[in-house]
Amino acid sequence: MTTDLFRQDAYLRECSAHITAVTDTGIVLDQTVFYPLGGGQAGDSGVLALADGTEIAIADTRKGKDADGNPTSDIVHLPAPGQEDRLARLTPGTAVTARIDWERRHRMMRLHTTSHLLCHVVPQLVNGCSITPDYARLDFAMTDPLDKDQLTAGIAALVAAAHPITVASISDDELDANPGLVKSMSVQPPRGTGRIRTIRIGGEAGAPLVDLQPCGGTHVANTAEIGAIVVTKIEKKSAATRRVVLGFAQ
């Protein structure tokens, strides 16, 4: 089992850890700041630094799976190719410092929070999404046309309003009583622990609530941190799907 420190604090850039397993797939740690691919958000990259200063480049991060392909509670750090000699030195118990590529992660945090703002501007169900360091895309289940400039202006207003982002949780029963909190048709919130992590934008001290939905991804602390984002493309993916692509303003 890997303790996922990024869920409590998305701003942690590194942590001390110990290797619990080295497999054909990658390296498992007892705790990590690396976010694994999931919920539409790409996995983190970075390095694992050994005590002598040797660094192992991590190209991607994934959730662990057992022999039957079922998900486990492990987080697997995938080393970049060409490091066989360094990997051969790793054994369970080896101490490392896990350090993410912060600039890459922060770009994804900004875009991920923007995607939640977009769910406010376009109040339709989402049937697909992708959050990368360079762009984010959301597919909305809708037939009406969308306007790039109007969406960009709507997002800019929410960014400028400096709404705080709050990480909290609700119970399974609370979610069952409020099914409208789930905006995604393709990804359902994980259950089993009795609590489901949520991301709330706004709604503090009587301020208007902008968005509230289950989400396990990493986010900025305030919409003002997002900066300038634009809608770069709107596509008609099918008769009942409109794709919106977000990017950083040049």
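Let's start with a pocket. The second largest pocket has a volume of about 240 Å³. Its lining is made of 14 residues. Closest to its centre are Thr 25, Lys 63, Gly 64, Lys 65 and Val 76. Which elements give two or more residues to this lining? Strands β6, residues 55–65, and β7, residues 71–79. By class, the lining has five nonpolar, five polar and four charged residues. One caution before I go on: this is a predicted model.

Now step back to the whole chain. The chain has five helices and 15 strands. There are 250 residues, and 45% of them count as buried. The C-alpha trace spans about 55 × 45 × 40 Å along its principal axes. How does the radius of gyration fit? A compact globule with 250 residues would have a value near 18 Å. The chain has 19 Å, which agrees. Next, contacts. Take those in the chain with a separation of 6 or more. Residues 24 or more positions apart account for 64% of them.

Let's go back to strand β6, this time for Ala 59. Ala 59 is partly exposed, because its relative accessibility is 43%. What does Ala 59 touch, leaving aside neighbours within four places in sequence? The contacts are Asp 44, Ser 45, Leu 78, Pro 79 and Ala 80. For a long view across the model, take Ala 59 and Glu 235. They are 176 residues apart in sequence, and their C-alpha atoms are 31 Å apart.

Next, Gly 43. Gly 43 sits in the loop between β4, residues 31–32, and β5, residues 46–50. Is Gly 43 buried or exposed? Gly 43 is buried, because its relative accessible area is 1%, and the cut-off for buried is under 20%. Not counting residues up to four places away in sequence, Gly 43 touches Tyr 35, Pro 36, Leu 37, Asp 60, Thr 61, Arg 104 and Met 108. Pick out Asp 60 from that list. Gly 43 and Asp 60 are 17 residues apart along the chain. Their C-alpha atoms are separated by 5.5 Å.

On to helix α3, residues 102–121. I'll show two residues here. Arg 105 lies in this helix. Its relative accessible area is 0%, so Arg 105 counts as buried. Which residues is Arg 105 in contact with, beyond its neighbours within four places in sequence? They are Phe 6, Ala 10, Val 33, Tyr 35, Asp 44, Ile 100 and Thr 218.

The second residue is Glu 103, also placed in helix α3. Glu 103 counts as exposed, because its relative accessibility is 60%, and the cut-off for exposed is over 50%. Glu 103 and Arg 195 are 92 residues apart in sequence. In space, they are 31 Å apart, C-alpha to C-alpha.

Now the cysteines. How many disulfides does a search of the whole structure find? Zero. Look at Cys 119, which is in no disulfide. The nearest cysteine sulfur to that of Cys 119 belongs to Cys 129, 8.4 Å away. A disulfide here needs sulfur atoms within 2.5 Å. Cys 119 counts as buried, because its relative accessibility is 8%.

Cys 215 next. Its closest cysteine sulfur is in Cys 129, at 8.5 Å, so the pair is too far apart for a bond. Cys 215 is buried, with a relative accessible area of 11%.

A backbone detail now. Most residues other than glycine have a negative phi. Ala 162 has a positive phi, near 55°. Where is Ala 162? In the loop between α4, residues 148–160, and β11, residues 165–171. Ala 162 is partly exposed, with a relative accessible area of 33%.

Last stop, the end of the chain. Gln 250 is in the segment after β15, residues 241–248. Gln 250 is exposed, because its relative accessible area is 98%. Gln 250 and Ile 229 are 21 residues apart in sequence, and 9.0 Å apart in space, C-alpha to C-alpha.

To recap: a pocket of about 240 Å³, five helices and 15 strands, and zero disulfides. Thanks, and over to you.

Methods. Residues are numbered from 1 along each chain as its sequence is written. This is a predicted model: local features need pLDDT of at least 70, side-chain atom pairs count only at pLDDT 80 or more; totals for chains, interfaces and linings use all residues. Side-chain values use heavy atoms; hydrogens and water are left out. On a 1 Å grid over the protein atoms alone, a cavity is a set of points where a 1.4 Å probe fits but cannot get out, and a pocket is an open set with protein on both sides within 12 Å along at least five of seven lines; lining residues have an atom within 4 Å of a point. Grid points are joined across faces, edges and corners, and a volume is the space filled by probe spheres set on the points. Helices (H or I, at least four residues) and strands (E, at least two) are DSSP runs, numbered from the N terminus. Ala, Val, Leu, Ile, Met, Phe, Trp, Tyr, Cys and Pro count as nonpolar, Asp, Glu, Lys and Arg as charged, and the others, Gly among them, as polar. Buried means under 20% relative accessible area, exposed over 50%, partly exposed in between (1.4 Å probe, protein chains only). The radius of gyration is taken over C-alpha atoms; the globule rule is 2.2 Å times the number of residues to the power 0.38. Contact means heavy atoms within 4.5 Å.
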